[in-house]
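Me: Please go through the classifications assigned to this model and set each value against its criterion.

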Amino acid sequence: MTYKIAIIPGDGIGKEVMKEAIKMLDAVTLHESVEIEYDQFDWNSEYYLQHNRMMPEDGLEKLKGYDAILFGAIGDQRVPDDISVWDLIMPIRKTFQQYVNFRPAKLLKGLESPVKVRGNKPIDFVIIRENSEGEYSNVGGSMFSGEQRELAVQNTVMTKQGIEQVTEFACNYARNHDLEKITNATKSNAIIHTMKFWDQVVETVMEQHKDIAYEKYYIDALAAYFVQRPEDFKVVLASNLFGDILSDLGSAIVGGLGIAPSANINPSKDYPSMFEPVHGSAPDIAGKGIANPIAQIWSLALMFEHLGRKDIHDKILSSIEELIAGKSRLTADLDGTASTEQAGDELVKILYK
Ligand code: ATP
């Protein structure tokens, strides 16, 4: 089978790190028994400035024909963030029903966590975030603009189907990866309608998966536990807003943005899923050739796992671990002196020496 990949490098360092991911993709295609075809799309802020839209009218229709989307980063000071996000990333996530956002928080060998880990246990957990509704719905509005009584309302939308499907994904992920426990991030003591409903539906699904242990923490306590005992978590299940915040905390305790990957997944595979680094376009370092390509290349690895090639995922991840352990070809964010290109070249060299 030939996999068709759509590549959107985006803005700033997105373009620089994507170059290295494509290098890795080419090397994998050359050395592994996998056939890949890819097309690149220049849908970014520059495209917006020229066409007054982030992608062509039939952009989503074009993407629909691909097996996966590899995304870089978007963001440019000349284009408001709400346009670049709501006219490109959000339509892709919503139209393609990418209702799971998946982020590993794994402390790679050779990296030191800013938090203390008890008994040298590994930090290795994943955050599974509901990605299509919850607190990030656009149901709401504002009234009485400019008056003393001005107000704004934004509603949280929780649906039984939405909560069930993300919980099912978490259970399947736990079982397929021999992870014994799911931790539910909640706040049902204070958010008594939507979060209580969230807990109730999560727990009903968990009843059907008795082989997986279940625990529930209020989000404030859980944030503290991430710092105090991150080694205790395996699969953390969270709503859209809670998952968003927890995943940045998760990446901070395992080495920072330069190495943090993510996936927006449509588990049914009816539509393409999208794989992207957590970081943005980083205008402060864009154009200098010093961005760390690991987050983008790890996102590529997650794409292979989603396509059913966990073997390739594991190989890429081992090469990232070897690069970090070797220390000589790391970028500045990991205290090295290598360029983006040198780090990318070294990763390919490690994998196919
Ligand atoms: P955006 O507005 O597009 O999200 P940003 O600069 O506000 O961009 P990020 O790009 O997410 O936010 O990252 C914040 C900072 O972290 C960057 O300014 C940069 O200094 C650093 N950073 C992010 N990604 C990388 C990377 N891959 N390599 C090195 N440093 C990085």
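Reply: The following exchange treats the salt bridges, the burial classes, the nonpolar cores and the domains in turn.

Reply: This is a predicted model, in which local features need pLDDT of at least 70 and side-chain atom pairs count only at pLDDT 80 or more, whereas totals for chains, interfaces and linings use all residues. Residues are numbered from 1 along each chain as its sequence is written, and side-chain values use heavy atoms, with hydrogens and water left out.

Me: What makes Lys 181 and Glu 215 a salt bridge?

Reply: A salt bridge requires a side-chain nitrogen of Lys or Arg within 4 Å of a carboxyl oxygen of Asp or Glu. For Lys 181 and Glu 215 the N to O distance is 3.3 Å, so the pair satisfies the criterion. By this rule the count comes to 28 salt bridges.

Me: Which parts of the chain does the pair of Lys 181 and Glu 215 tie together?

Reply: Lys 181 belongs to strand 8 (residues 181-186) and Glu 215 to strand 9 (residues 213-218), so parts 34 residues apart in sequence are tied together. Helices (H or I, at least four residues) and strands (E, at least two) are DSSP runs, numbered from the N terminus.

Me: Why is Lys 181 called buried?

Reply: Buried means under 20% relative accessible area, exposed over 50%, and partly exposed in between (1.4 Å probe, protein chains only). Lys 181 has a value of 16%, and is therefore buried. Glu 215, also at 16%, is buried by this criterion.

Me: How do you know that Asp 220 forms a salt bridge with Lys 187, and what is the burial class of each?

Reply: The closest N and O atoms of Asp 220 and Lys 187 are 3.0 Å apart, which is within the limit for a salt bridge. Asp 220, at 47%, falls in the intermediate class and is partly exposed, whereas Lys 187, at 17%, is buried.

Me: Why is Lys 353 called exposed, and how is Glu 322 classed?

Reply: Lys 353 has a relative accessible area of 73%, over the limit for exposure, so the residue is exposed. Glu 322, at 41%, counts as partly exposed. These two residues form a salt bridge, with their closest N and O atoms 2.9 Å apart. Glu 322 lies in helix 10 (residues 310-326) and Lys 353 in the segment after helix 11 (340-351), so the pair ties together parts 31 residues apart in sequence.

Me: What joins Arg 103, Arg 129, Asp 244 and Asp 248 into one network?

Reply: Salt bridges that share partners join Arg 103, Arg 129, Asp 244 and Asp 248.

Me: What makes a set of residues a nonpolar core, and which residues have the most contacts inside the largest one?

Reply: A nonpolar core is a set of buried Ala, Val, Leu, Ile, Met, Phe, Trp, Tyr and Cys residues joined through side-chain atoms within 4.5 Å. The largest has 81 residues, and those with the most contacts inside it are Phe 102, Ile 128, Phe 304, Ile 316 and Ile 320. Its largest share, eight residues, comes from helix 9 (residues 294-306).

Me: Where does this core lie with respect to the domains, and why?

Reply: Domain 1 (1-106 + 266-353) and domain 2 (112-253) both give residues to this core, so it lies between them. The domain bounds come from an automatic or database domain assignment. The C-alpha centres of domain 1 and domain 2 lie 25 Å apart. Their contact (heavy atoms within 4.5 Å) takes 16 residues from domain 1 and 22 residues from domain 2.
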